[in-house]
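Grab a pencil and work through a few exercises on how the parts of this protein model touch each other. Try each task on the structure before you read its solution.

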Amino acid sequence: MSDEQFISIQNVSKHFGDVHAVDRVSIDIARGEFFSLLGPSGCGKTTLLRMLAGFEFPTAGEIFIDGQAMSTVAPNHRPVNMVFQSYAIFPHLNVSQNIGYSLRKDKLSKADFNSRVGEMLDLIKLSGYEDRASHELSGGERQRVALARALIRRPKVLLLDEPLGALDKQLREQMQLELRSLQRAVGITFVFVTHDQEEALTMSDRIAVMSKGRYLQIDTPTKLYEAPQNREVADFIGTMNFFDASVQDVGDGQASIDAGPLGKLSVSPGNLAFSSGQAALAAIRPEKISISSEKPSGGHVVEGTMDAAAYLGDRSHFYVRVPGVDKPVAVSAQNIDQTHLHGDGNQGQVWLSWSNDAVVLLNKD
Amino acid sequence: MSTHTSVTGPRFGPLGIYAITYLAFVYIPVMFLPMFSFNDSVFIAFPLKGFTLEWYRALATSDGLIDALYNSVKIAAVVAVLATALGTLAAKAVTRYKIPGRGPVITFIMTPLVIPGIIMGIALLVIVNMLGIEMSVYTIGLGHLLVSTPFSMLIMVSRLEGFDKNLEEASQDLGEGAWRTFWRVTFPLSVPGIIASLLLSFTISFDEFILAFFLGGQDITLPVYIWGQLRFPAKLPVILALGACILAVSFVLVTFAEWFRRRGVQIKTSSGV
Ligand SMILES: Nc1ncnc2c1ncn2[C@@H]1O[C@H](COP(=O)(O)OP(=O)(O)OP(=O)(O)O)[C@@H](O)[C@H]1O
Ligand SMILES: [Mg+2]
């Protein structure tokens, strides 16, 4: 089995009665990869993770881990460990008994046991916490104990179900960095579940964006952001402006489109197929649109009026009404030289401009 | 003075009077037991005569009573252990596994709770007779098992539902099979429930009269013995002495059970995520 297919989820479905929690999902995850499952609440992330751990069995399809079919393998015989969303720290055991829970079969001497647990405590920077009871730990400490407990036997795969969900923003950002560097240090394949797109973008090698039991796109964070394959992904990851467009001519890696109020544009269709005359969507990220109060020379330019502006310190968000477009166009700009646009309730005329390669062409629905 | 009134005030409100009346109603008759058991007279009447330990001496030397007590304790102990084991496993099954026909199964196990003891007694008597089984402490034990198991199951279901089932999954995830997981996680976390269940099943069996009376044959339990003795007025003070002893033991057991229950609640709240 190749390293590219270290975990291979092949056409897997899971139905609970009428609910199709996971619906014909196929994903290959490479050895050592930090892979995220991203999607809104109820889209089947936990269910997919639980099938990898062996707590649920697929209604259809097959899961392979390191070349081995998992359909008949019980959770306690799988080369994977899991960090639960609730952490599931054993309340009747102290920190070192929790971390060393899986070492029973090794029949270690007390000294060996302590040194194995000690190594993990060093790794998670909780040395000296050996005898703490679980209720004496903070949320972040519990999370780290759960991590150490899952890593102590060096599983081939670590599954993490929204492990940072219960932490406050600051601790969360710190743990994101720590988790990522830990993953690099131990070289274990991580499958990470989150519904926080920023978190997925910062941490992952690749992300599967899921919706209603299906996956919409699997790609690197940059690809997902720069070249989403459909409207749902574009909408879910970051903010996106959509404009109705019609395809006029499809040529060699280029498509000419008529984007109504934005005029005629020549854009790259990526790896999507379009035919002449087809209705499509032209999508542009807010930060790829330049805004100015004087008409720029050259490039694609449209005129609009300022609808609302939000000053965020380093950046500003502007909402600009463009004649012929229903929703105000969102524009995000670094506050290098934009203060004049904020003026006292500026309702004035502004110009928006962008370059051709900022435009992503998507299928309508 | 004013603080004093405000602290003790509620005692004299209508609710306070109700509470005192209630406690008096419950406990004064019970207190007659130890009181008359030390009274130097076979007649249960005021005024009290002198203090005596005679009835307790008689208690210690009456053969039938010792046998009956031994039967009762033996049955109650075995029933407590079996009912708790069955109740725990049944609770585990209904709370953790998606078993088909879960609803009917629960109803089936719980039904003995609401069947009147006399009906149950007659039904079991008919069956035991039909099968030609000789009546003894074993048949009593079976009857008691039937009525205690639902109580045990109720206690254990609430205990098992009280803790995160991810804990058991975490144990499996960390390499332990179903039995090891039970011993290393489920059991220790259920200990307060298990102790409560043991005490309750013991008490139910120890107290039970109708089934023991119907199903005992030659074997006699303590309640049946006491009932038999009530025909002899002269033995009444001895029974009172016995009642006083049982009261003392019950008091210790209940205090102990309550202490464990609270400890359990503490573990639960302190481990909540
Ligand atoms: N044991 C179950 N029985 C019935 N339905 C279930 C069960 N587990 C999950 N579901 C349903 O399957 C769907 C997917 O659930 P899942 O827990 O995988 O969502 P999720 O993506 O993890 O959501 P969240 O972000 O809220 O945790 C939901 O509609 C849920 O109600
Ligand atoms: Mg979930």
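Below are two exercises, one on the domains of a chain and one on the chain pair.

This is a predicted model, so keep in mind that local features need pLDDT of at least 70, side-chain atom pairs count only at pLDDT 80 or more, and totals for chains, interfaces and linings use all residues. Residues are numbered from 1 along each chain as its sequence is written, chains are lettered from A and ligands numbered from 1 in the order in which they are written, and side-chain values use heavy atoms, with hydrogens and water left out.

**Exercise 1.** Work out how domain 1 of chain A meets domain 2 of chain A.

*Solution.*

Step 1: Set the bounds. Chain A splits into domain 1 (3-233) and domain 2 (239-363); such bounds come from an automatic or database domain assignment. Taken over C-alpha atoms, the centres of the two domains lie 39 Å apart.

Step 2: Look at the contact (heavy atoms within 4.5 Å). Domain 1 of chain A brings seven residues to it, and domain 2 of chain A brings 10.

Step 3: Get the buried area, meaning the accessible area (1.4 Å probe) that two parts lose on being put together, summed over both. Here that comes to about 820 Å², with 47% on carbon and sulfur atoms. On the domain 1 side, Tyr225(A), Gln229(A) and Arg231(A) supply 67% of the area buried, more than any other three residues.

Step 4: Hunt for salt bridges (a side-chain nitrogen of Lys or Arg within 4 Å of a carboxyl oxygen of Asp or Glu). The two domains share one salt bridge. Lys288(A) and Glu226(A) meet in a salt bridge through their side chains, at 2.3 Å from N to O.

**Exercise 2.** Now do the same for chain B and chain A: how many residues does each put into the contact?

*Solution.*

Step 1: Count. Chain B gives 22 residues and chain A gives 24.

Step 2: Add the area. About 2,200 Å² is buried between chain B and chain A, and carbon and sulfur atoms give 55% of that. Within chain B, the residues losing the most area to chain A are Asp173(B), Leu174(B) and Arg184(B), together 31% of what that side buries.

Step 3: Check the charges. There are two salt bridges between chain B and chain A. Arg104(A) pairs with Glu176(B) in a salt bridge, their closest N and O atoms being 2.5 Å apart.
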